[in-house]
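Reader: Could you walk me through one part of this model in detail? I'd like a close look at the ligand and what sits around it.

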Amino acid sequence: MAGGQEWRTPPLWGIGLTQKVNGHTNFLHDGRARNLLEAVMWHGGEAQAARDKVNSMPKADRDALVAFLESL
Ligand code: HEM
C-alpha cells in the first residue's frame, strides 16, 4: 500500500496531446507546472537525480528531451 510519502508515477504516453485534448499544458497532480520542463524541475525524492541530470544538460539536450515528451 502506498503511504503518504509515496507517489504513483503517472504514465507519460499521450502527454504530447495535452494541449490539443485538454486545452492547457498544466502538469503534475495539482497542475502547478505550466509546461513539461517545469514538471521535470518539480521532481524530488527518488526522482531528484533525474531532475538534476536534466538541469545540468546542455540546452540542446533539454530541448530534445522536451521534443521527445511532446512526441508521446
Ligand atoms: C528525466 C526523467 C523524467 C522525466 C522527463 C519525467 C517527466 C514527468 C512529467 C512530464 C510528469 C508530469 C506528468 C503529468 O502531469 O501527467 C511527471 C510526473 C511524475 N513523475 Fe516523472 N519524469 C522523470 C523521472 C521520474 C523519476 C525517476 C521518477 C520516480 C523515481 C518520477 C516520478 C514521477 C511522479 C511520482 C510524478 C507525478 C507527480 C505529481 O503528479 O505531482 N519521474 N514526470
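Author: Here is a tour of the ligand site, starting with the whole protein and then moving in to the iron and back out to the pocket.

Keep in mind that this is a predicted model. The protein has 4 helices and 0 strands, so to speak a plain α-α-α-α pattern when you read along the sequence. Its C-alpha atoms fill a box of roughly 35 × 30 × 20 Å along the principal axes.

Now for the iron. Which residue supplies the donor to the iron atom of the ligand? That's His 43, whose NE2 is 2.0 Å away and is the single donor from the protein. If you want to find His 43 on screen, go to the loop between helix 2 and helix 3. The side chain of His 43 also has an N or O atom 2.8 Å from a nitrogen atom of the ligand.

Two other residues make polar contacts with oxygen atoms of the ligand. His 29 brings a polar side-chain atom to 2.5 Å from a ligand oxygen, while Leu 28 uses its backbone, with a polar atom there 2.7 Å from an oxygen of the ligand.

Stepping back a little, 17 residues surround the ligand. Leu 28, His 29 and His 43 are among the closest, and Pro 10 and Phe 27 belong to that group too. Sorted by class, this shell has 11 nonpolar, 3 polar and 3 charged residues.

And the space itself? The ligand takes up the largest pocket. Two elements give two or more residues to the shell around the ligand: helix 2 (36-41) and helix 3 (48-56). The pocket holds about 1,000 Å³ of space, and its lining counts 27 residues. Nearest the centre of the pocket you'll find Thr 9, Pro 10, Leu 28, His 43 and Ala 47. Pro 10, Leu 28 and His 43 turn up in that group and also among the residues closest to the ligand.

For the lining of the pocket, helix 4 (59-71) joins helix 2 and helix 3, each of them supplying at least two residues. By class, the lining comes to 16 nonpolar, 6 polar and 5 charged residues.

Terms used. Residues numbered from 1 in each chain as written. Predicted model: local features only at pLDDT ≥ 70, side-chain atom pairs only at ≥ 80, totals over all residues. Heavy atoms only, no water. Near = heavy atom within 4 Å. Polar contact = N/O pair within 3.5 Å; in protein donor to acceptor, adjacent residues only side chain to side chain. 1 Å grid on protein atoms, 1.4 Å probe; cavity = no way out; pocket = protein on both sides within 12 Å on 5 of 7 lines; lining within 4 Å. Sits in = over half its atoms within 2 Å of the grid points. Nonpolar A, V, L, I, M, F, W, Y, C, P; charged D, E, K, R; others polar. Points joined across faces, edges and corners; volume = space filled by probe spheres on them. Donors = N, O, S within 2.8 Å, 3.2 Å for Na, K, Ca; no water.
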